[in-house]
Amino acid sequence: MTDAPDGRPRPADQWRQRGIRGLTITRNVSVGAWRLWARTWDRLVAALQDEAPVGASAGPSPSGPLVEQRDAPRLIAVPAQGYVYSFYIRATFAWSSPASLRAEVLSWYVQYFQPNAIQRLTRLASDAARDLPPHRAADLEVALQRALADDPEWSYRRGDVLITCRPDAAVRLDERIMPALQPHVDRMVKLEYQFDEQLRKATYAEELSRRWVTILSEHPDMDADEEVADARQHMLAAQKEAARWVSELVHRRDAKS
């Protein structure tokens, strides 16, 4: 390679040198980007394997398996008998794993498996609600709780990782049926109040009569007094009547329920 008469490189040589410098810079940038990408990939793999990232100090691991509580993103609607009204279920899932997963790894698996758990709970609720009238939300909740108690822990697996969840459910009525139920509920509340009032009176009468009978029995010398004897007999009769009243009230309430 020869220089121009003034000592400077010829134009062709200048372009060749600039091209070599550009390729060198591009190579260096590419190598740096590749190394950065490789380090990021290694850290991601280490996180999924529940290992501390390279070059990072891992904090103390919590004692026992982590548990993540997740609510279903919306109420689960299942049709009641007749397929006109629905029951609405608020579902909650407690997720954990026998392995000592980190919080972010567990959250990823929860996000992955929760749709499966929601679908399974929806099938259970649909089977239980199909034959129930739309006002019997309490019966559906009892049936669901019984089914969940029979199978309290659901398991899901991806690769070598096992995730378990414990579902819970609460049932709400269809708001469209509330106006029809309101008069009936008001009447039941009134009857319940009347029952409690009568039960309190009967219990108090029984207790008061028992106390008087006890007092009169502690003074046998007073039995000679005709008025005291009559009072004792009256209190015994009142005690028996109050006891019968309490028994009838409780029996009537049990029959209605």
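**Asking a predicted model why**

Modeller: Happy to walk you through it: the protein chain has five helices and five strands. Here helices (H or I, at least four residues) and strands (E, at least two) are DSSP runs numbered from the N terminus. Taken from that end, the order of elements is α-β-β-β-α-α-β-β-α-α. This is a predicted model, in which local features need pLDDT of at least 70 and side-chain atom pairs count only at pLDDT 80 or more, while totals for chains, interfaces and linings use all residues. Residues are numbered from 1 along each chain as its sequence is written, and side-chain values use heavy atoms, with hydrogens and water left out.

Biologist: Thanks! Why is T92 called buried?

Modeller: Buried means under 20% relative accessible area, exposed means over 50%, and partly exposed lies in between (1.4 Å probe, protein chains only). T92 has 14% relative accessibility, which is under 20%, so T92 counts as buried. This residue sits in strand β3, residues 86-96. Across the whole chain of 257 residues, 24% count as buried.

Biologist: What makes the pair T92 and D71 a polar contact?

Modeller: A polar contact is a pair of N or O atoms within 3.5 Å; within protein, one must be able to donate a hydrogen and the other to accept it, and residues adjacent in sequence count only if both atoms are side-chain atoms. The side chains of T92 and D71 come to 2.9 Å, so the pair meets the 3.5 Å limit.

Biologist: Which residues does T92 contact, leaving aside neighbours within four places in sequence?

Modeller: They are Q69, R70, D71, R166, P167 and D168, where contact means heavy atoms within 4.5 Å.

Biologist: Moving to strand β1, what makes E68 and R70 a salt bridge?

Modeller: A salt bridge needs a side-chain nitrogen of Lys or Arg within 4 Å of a carboxyl oxygen of Asp or Glu. The closest N and O atoms of E68 and R70 are 2.7 Å apart, so the pair qualifies. The side chains of E68 and R70 are also joined by a polar contact of 2.7 Å. E68 lies in β1, residues 67-71, and is buried because its relative accessible area is 14%. Beyond four places in sequence, E68 touches F93, A94, W95, A103, L106, S107 and V110.

Biologist: How many salt bridges does the structure hold?

Modeller: Eight. One of them joins D127 and R130, with the closest N and O atoms 3.3 Å apart. Another is between E175 and R172, at 3.8 Å from N to O, so it too falls within the 4 Å limit.

Biologist: Are the residues of these two bridges buried or exposed, or something in between?

Modeller: D127 has a relative accessible area of 48%, so it is partly exposed. R130, at 37%, counts as partly exposed as well. E175 counts as exposed because its relative accessibility is 58%, whereas R172 is partly exposed at 39%.

Biologist: What makes a set of residues a nonpolar core?

Modeller: The members are buried Ala, Val, Leu, Ile, Met, Phe, Trp, Tyr and Cys residues, joined through side-chain atoms within 4.5 Å. The largest such core has 32 residues, among which F87, F93, W95 and L121 touch the most other members. β2 (76-79), β3, α2 (103-129), α3 (137-150), β4 (154-158) and β5 (161-172) each supply at least two residues of this core. Its largest share, ten residues, comes from α2. As for L121, its contacts beyond four places in sequence are I76, A91, F93, L144, L148, W154 and A169.

Biologist: How do you know that β2 and β3 pair?

Modeller: Two strands pair if DSSP finds at least two bridges between them. Four bridges join β2 to β3, so the rule is met, and the strands run antiparallel. One bridge partner in β3 is I89, which faces I76. The two strands form a hairpin with six residues between them, and G82 in the turn has a positive phi of about 95 degrees. Along β2, I76 and V78 point to one face and are buried, while A77 and P79 point to the other and are not.

Biologist: And why is T203 called partly exposed?

Modeller: Its relative accessible area is 40%, which is between 20% and 50%, so T203 is partly exposed. T203 belongs to helix α4, residues 178-217.
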